[in-house]
Structure formats: structure tokens, C-alpha cells
Amino acid sequence: MVTMAVVVVLYMQLPYTLRSGRMTRSMRFYTRLIERHPPIGNTVGLLFHLAGVCLAAAIMIGAWPKWNAAWREGYYVGVIDVFTFPNGRCCS
């Protein structure tokens, strides 16, 4: 359960950091750019968000086939009737 929870927490942090505007970047440069040249600063912000969307999509595209195969084959980790989660490592 802990193994799967760590993975879920890490992947769920990506959309949250994008939504809250806290993706890793130089805030001093970005803030100054927004103040002095708003159109350029907004374009850079848009590029940061697009990069985050692309990363989230790449993670989902990479994980989906294994998750789907685990679902079809009934391969789970956890304790039945307590906590179970499809395990994608069945198809490595």
C-alpha cells in the first residue's frame, strides 16, 4: 500500500503545482519579466504550463498500457477487502 501511495502522491503533485503556480522556475526572473514586459512574461508562463501538461500527458501515456493490462488480468497489490490497487508491473 505504501509503495502505491508514494507513486500516486508524487504524480498527483504535478497538477497541483501547476494550478498553484509553483512549478520549479526562477521566480526572480519571472516576476521581473511580468512587471516589465507583461506580454512576454505571460507567454513564458503559458510555456511553463504547456510543458507541465506535456509532462503529465507523457506520464499518463506511458503508464496507461501497463495499468490497463493489470486491470484486465486482475493483478492487484494490497489486501483484498481492505485496500487493493491494480499493479502495472505485471507486464514489464
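## Exercises on a three-helix, two-strand model

Leu47 lies in helix α3. The model is predicted, and the exercises below start from this helix and then turn to the rest of the chain.

**Exercise 1.** Work out what span helix α3 should have, and check the model against that value.

*Solution.* Step one: helix α3 covers residues 38–73, which is 36 residues. Step two: the expected span is 1.5 Å times one less than the number of residues, so helix α3 should span 52 Å. Step three: the end C-alpha atoms of α3 are 52 Å apart, which agrees with the expected span.

**Exercise 2.** Find where α3 is kinked, and describe the backbone just after the helix.

*Solution.* Step one: the kink lies at Trp64 and amounts to about 35°. Step two: the proline Pro65 follows shortly after the kink. Step three: just after α3 comes Gly74, with a positive phi of about 70°.

**Exercise 3.** Sort out which residues of α3 are buried, and which residues form a nonpolar surface patch with Leu47.

*Solution.* Step one: buried means under 20% relative accessible area. Step two: in α3 the buried residues are Gly41, Gly45, Gly52, Ala69 and Ala70. Step three: Leu47 joins Leu46 and Leu50 in a nonpolar surface patch of about 290 Å².

**Exercise 4.** Decide whether Phe29 and Arg19 are buried or exposed, and relate each residue to a position further along the chain.

*Solution.* Step one: Phe29 is part of helix α2, residues 27–36. Its relative accessibility is 54%; exposed requires over 50%, so Phe29 counts as exposed. Step two: Gly41 is twelve residues from Phe29 along the chain, and their C-alpha atoms are separated by 9.5 Å. Step three: Arg19 belongs to helix α1, residues 2–20. At 78% relative accessibility, Arg19 also counts as exposed. Step four: Arg19 and His49 are 30 residues apart along the chain, with 8.8 Å between their C-alpha atoms.

**Exercise 5.** Describe the protein as a whole: its elements, its burial, its contacts and its surface.

*Solution.* Step one: there are three helices and two strands, in the order α-α-α-β-β along the sequence. Step two: of the 92 residues in the protein, 15% are buried. Step three: take the contacts between residues at least 6 apart in sequence; 33% of them join residues at least 24 apart. Step four: the accessible surface comes to about 7400 Å², and 67% of that surface belongs to carbon and sulfur atoms.

How values were computed:
Residues numbered from 1 in each chain as written. Predicted model: local features only at pLDDT ≥ 70, side-chain atom pairs only at ≥ 80, totals over all residues. Heavy atoms only, no water. Helix = DSSP H or I, 4+ residues; strand = E, 2+ residues; numbered from the N terminus. Bend = angle between axes of the 7 residues up to and from the residue. Buried < 20%, exposed > 50% of the residue type's maximum accessible area, 1.4 Å probe, protein only. Contact = heavy atoms within 4.5 Å. Areas by Shrake-Rupley, 256 points an atom, 1.4 Å probe, with all protein chains shown as cover. Patch = residues over 30% accessible without salt bridge, like charges linked within 9 Å, V, L, I, M, F, W, Y side chains within 5 Å. Salt bridge = Lys/Arg side-chain N within 4 Å of Asp/Glu carboxyl O.
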